[in-house]
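Here's a quick walk through the model below. We'll begin with a charged pair, then move out to the sheet and the chain as a whole.

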Amino acid sequence: MPQRHSKNNNDLAFFTYEEKRKLGYGTQRERLGKDSIKPFDACCLCLKPLIDPLCCPKGHTFCKECILECLLAQKKDIKRKLAAHEAQKKQEKEEEEEKLMLQKAKELDAFDQQNHGAVPQYHDRSGSQDKNGFHGANSVKVTSFEEEALRNMKAFWLPSATPEAMVKVDAPSTDTVCPEGQEKLKLKSLFPISFTEENADQKSKKSVEKSYMCPSCKSTLTNTMTLVAISTCGHVFCKKCSDKFLVKDKVCLECNKPFKERNLVPLEKGGTGFAAHDERLEARDFKYLGSGSGLGLVKPAPKTY
């Protein structure tokens, strides 16, 4: 059976829609399954089971070592950017002072040529010199300045003398941010959390990994449940027990330590892979065609779900 000519017409000077579609041009979408979504007891940075877990005020959980390394790296990066910004400000100030000195020297030379030259120079209203270009008795001095300028001139046709474009460095923010939620995060705002492990009798024989339970209702914590942590003591409960007991009594059911309502922090949900539970189940990447090569270059697009 003959194929359609419109889908195989490759003698055009541009890419047709069918060719772009075969190359994967445009926004690529993929449905994420359960294996692609982080469980509730995994670190947001290393994606491994939590070790000495810390939680931010927005409910994102991290390993202690991971979040400390992340915040330390951010501080080092901020320090480097501040140093580059200060160096740029210093360089701009020096260039401004140099321009003022050159302007003053130029005015002095013009005054000297006007008063001590053999023939005075005449300027029109636009500020240009006389058409003959006669510099008077100090023409030798002016010629030396011109030769110096020619020697220092940046020539675009010489690789060694090609001028470099200055990259302006903006003043960086001095605040560290949460690597997951991108909100401001300080080290003192992190608080430790502790999950209650299930007993050997309650734990199923087939499960090898650690399993946790709610200290109040003794139900096994899963990715389908909404969890709430108390920032003062770090104990984690399910949402039902939190609404039924913690919000009313303002006392931890595990250690009997009092707290305020603002100390209840809902943790980030774990993934199940079902659209009824998870909202972020679609990954998008924008793929565009490379210039002159015909190959597709992948550029990650902003995450939209």
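D175 is partly exposed at 30% relative accessible area, where partly exposed is the range between buried (under 20%) and exposed (over 50%), using a 1.4 Å probe and protein chains only. Its side chain meets that of K184 in a salt bridge, 3.2 Å from N to O. K184, for its part, is exposed, with a relative accessible area of 66%.

Before going on, some ground rules: this is a predicted model, so local features need pLDDT of at least 70 and side-chain atom pairs count only at pLDDT 80 or more, while totals for chains, interfaces and linings use all residues. Residues are numbered from 1 along each chain as its sequence is written, and side-chain values use heavy atoms, with hydrogens and water left out.

**Salt bridges**

The cut-off here is a side-chain nitrogen of Lys or Arg within 4 Å of a carboxyl oxygen of Asp or Glu. By that rule you get five salt bridges, among them these:

| Pair | Closest N and O atoms |
|---|---|
| D77 and K81 | 3.4 Å |
| K184 and D175 | 3.2 Å |
| D243 and K239 | 3.6 Å |

D77 and K81 sit four residues apart in helix 2, so about one helical turn separates them. D77 is partly exposed at 28%, and K81 is partly exposed at 35%. R80 joins in too: D77, R80 and K81 are linked in a salt-bridge network.

Helix 4 (residues 239-249) has a similar story, with D243 and K239 four residues apart and about one helical turn between them. D243 is partly exposed, with a relative accessible area of 40%, and so is K239, at 36%.

**The sheet**

Helices (H or I, at least four residues) and strands (E, at least two) are DSSP runs numbered from the N terminus. One open sheet has three strands in the order 3-2-4, paired antiparallel. Strand 3 (61-63) and strand 4 (191-192) are at the edges with a single partner strand each, so one side of each lacks a neighbour in the sheet. Strand 2 (residues 53-55) pairs with strand 4 over two bridges; pairing takes at least two bridges found by DSSP. L54 has P192 as its bridge partner in strand 4.

**The whole chain**

There are four helices and 11 strands in the chain. Of its 305 residues, 27% count as buried. Contacts (heavy atoms within 4.5 Å) with a separation of 6 or more come 51% from residues 24 or more positions apart.
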